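Good morning, and thank you for coming. I should like to introduce a structure that may be new to you; please have it open as I speak.

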Amino acid sequence: MGKKTNITLIGMPASGKSSVGVVLAKRLGKKFVDTDIVIQEKHGKLLKELIEENGDDGFREIEDEVNASLDVSNSIISPGGSVVYGQKAMKHLKEISVIIYLQLSYTAIKSRLGDLRERGITLKDGQSLKDLYLERTPLYEKYADITINEMKKTLAKTIDEICEKLGEKPRKKRSFKEKRFQKITNSKGKQSREKTDSTKSNKERADKKRFDNTKSVKEKSSRTRFGGEINPQKNNVQRKNLKKYFKKNEN
Ligand SMILES: Nc1ncnc2c1ncn2[C@@H]1O[C@H](COP(=O)(O)OP(=O)(O)OP(=O)(O)O)[C@@H](O)[C@H]1O
Ligand SMILES: O=C(O)C1=C[C@@H](O)[C@@H](O)[C@H](O)C1
Ligand SMILES: [Mg+2]
């Protein structure tokens, strides 16, 4: 497994091979190859058109051929859910990649899937989704190097778990405090925290803008009145005068 730079995701349709795959590729700095798209490109037709024209078995031959001739490196490969029926394809993918099975319960798959035919799933006449699930599960298990149980996990959590199993460094988790507040250093070099802009409410953002505007107007007018740059921290007399001036002008 050590020398393989590709990763192939297998699992039922809607288990997330494509959606997890593309994010995983970004996370690991790899390329992303969706072999459903490679098939469409190569044949100039939609998957469901290819299934309608060639039947389920004909489509699986096309799928087997395309996946078996995939020549990629440093990539996340996301094939269609039916790739596991293709012996040539699976032999090749096993040779060039680490195979990860995205496992999900039948109920979860059913609720994620919409119209099965519209999605282009290869179902034999009279075969239900449950039949398909039971038929494919042993095949996914047979080819998997790593299995990830996705139940009740967000996409991000699934990706974290894949990285963990691959021995990749975990993403540095920022604490709640770090997300909500940024460190600021005042003129005396003391550090304190201020809410980050993205976590401020609209009212807080508006208040800060008003405060910043007032501050800059005050600074400007103080420079004009007392001439040149001032340093209120060093010059107490000037600071007192300024305070008096602003008090008088604000009322
Ligand atoms: N935690 C989750 N992780 C991944 N996908 C999720 C999650 N929750 C919901 N989804 C949804 O499940 C669907 C997964 O679809 P996706 O096309 O990625 O599956 P697939 O395994 O590539 O299917 P196919 O075999 O048809 O190519 C998407 O609509 C996605 O938004
Ligand atoms: O699971 C399936 O039967 C399929 C899934 C799709 O990704 C496509 O590969 C094709 O439409 C068949
Ligand atoms: Mg897909």
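Let me begin with a question: with which residues is Arg60 in contact, leaving aside its neighbours within four places in sequence? Please bear in mind, as we go, that this is a predicted model. Arg60 is in contact with Ser82, Tyr85, Gly86 and Thr122. To find Arg60, look in helix H3, residues 47-68. Arg60 counts as partly exposed because 19 other C-beta atoms lie within 10 Å, whereas a buried residue needs 20 or more.

Arg60 also appears in the UniProt record. In that unreviewed entry, the annotation "binding site" covers Asp36, Arg60, Gly81 and Arg136. Let us turn to Gly81, which is placed in the loop between E3 and H4. Gly81 has 22 C-beta neighbours inside 10 Å and therefore counts as buried. Setting aside residues up to four places away in sequence, Gly81 touches Gly11, Met12 and Pro13.

Next, the surroundings of ligand 2. Which residues are found around ligand 2? They are Pro13, Asp36, Leu47, Gly80, Gly81, Ser82, Gly120, Ile121 and Thr122. Sorted by class, this shell has three nonpolar, five polar and one charged residues. Asp36 and Gly81, from the annotation just mentioned, are both among the residues around ligand 2.

The same unreviewed UniProt entry carries a further "binding site" annotation, covering Ala14, Ser15, Gly16, Lys17, Ser18, Ser19 and Arg119. I shall take two of its residues in turn. Ser15 belongs to the loop between E1 and H1, while Ser18 lies in helix H1. Is Ser15 buried or exposed? Ser15 counts as buried, because 24 C-beta neighbours fall inside 10 Å. Ser18, with 19 other C-beta atoms within 10 Å, is partly exposed. Beyond neighbours within four places in sequence, Ser15 is in contact with Leu102, Leu104, Ile109 and Glu150. On the same basis, Ser18 is in contact with Asp34 and Ser78.

The contact between Ser15 and Leu102 leads us to the protein interior. In soluble globular proteins, nonpolar side chains tend to be buried together. Here, the largest nonpolar core has 23 residues, and those with the most contacts inside it are Leu9, Ile10, Ile100, Tyr101 and Leu102. Strand E1 (6-10), helix H1 (17-28), strand E3 (75-78), helix H4 (87-96), strand E4 (97-103) and helix H8 (155-166) each give two or more residues to this core. The most comes from E4, with four residues. As for Leu102, its contacts, not counting residues up to four places away in sequence, are Leu9, Gly11, Ser15, Gly16, Lys17, Val20, Ile148 and Glu150. Among these, Ser15, Gly16 and Lys17 are residues under the "binding site" annotation that I described a moment ago.

There is also a second, separate core of five residues, including Leu47, Ile51, Phe59 and Val66. Leu47 is one of the residues around ligand 2 as well.

Finally, let us step back to the protein as a whole. How many helices and strands does its secondary structure come to? There are 11 helices and seven strands. Of the 251 residues of the protein, 20% count as buried. Among contacts with a separation of 6 or more, 65% are made by residues 24 or more positions apart. Thank you for your attention.

Terms used. Residues numbered from 1 in each chain as written. Chains lettered and ligands numbered in written order. Predicted model: local features only at pLDDT ≥ 70, side-chain atom pairs only at ≥ 80, totals over all residues. Near = placed C-beta within 6 Å. Nonpolar A, V, L, I, M, F, W, Y, C, P; charged D, E, K, R; others polar. Core = buried A, V, L, I, M, F, W, Y, C linked by C-beta atoms within 7 Å. Buried ≥ 20, exposed ≤ 12 C-beta atoms within 10 Å, placed from the backbone. Contact = placed C-beta atoms within 7 Å. UniProt positions renumbered as here; feature names shortened; annotations may be inferred.
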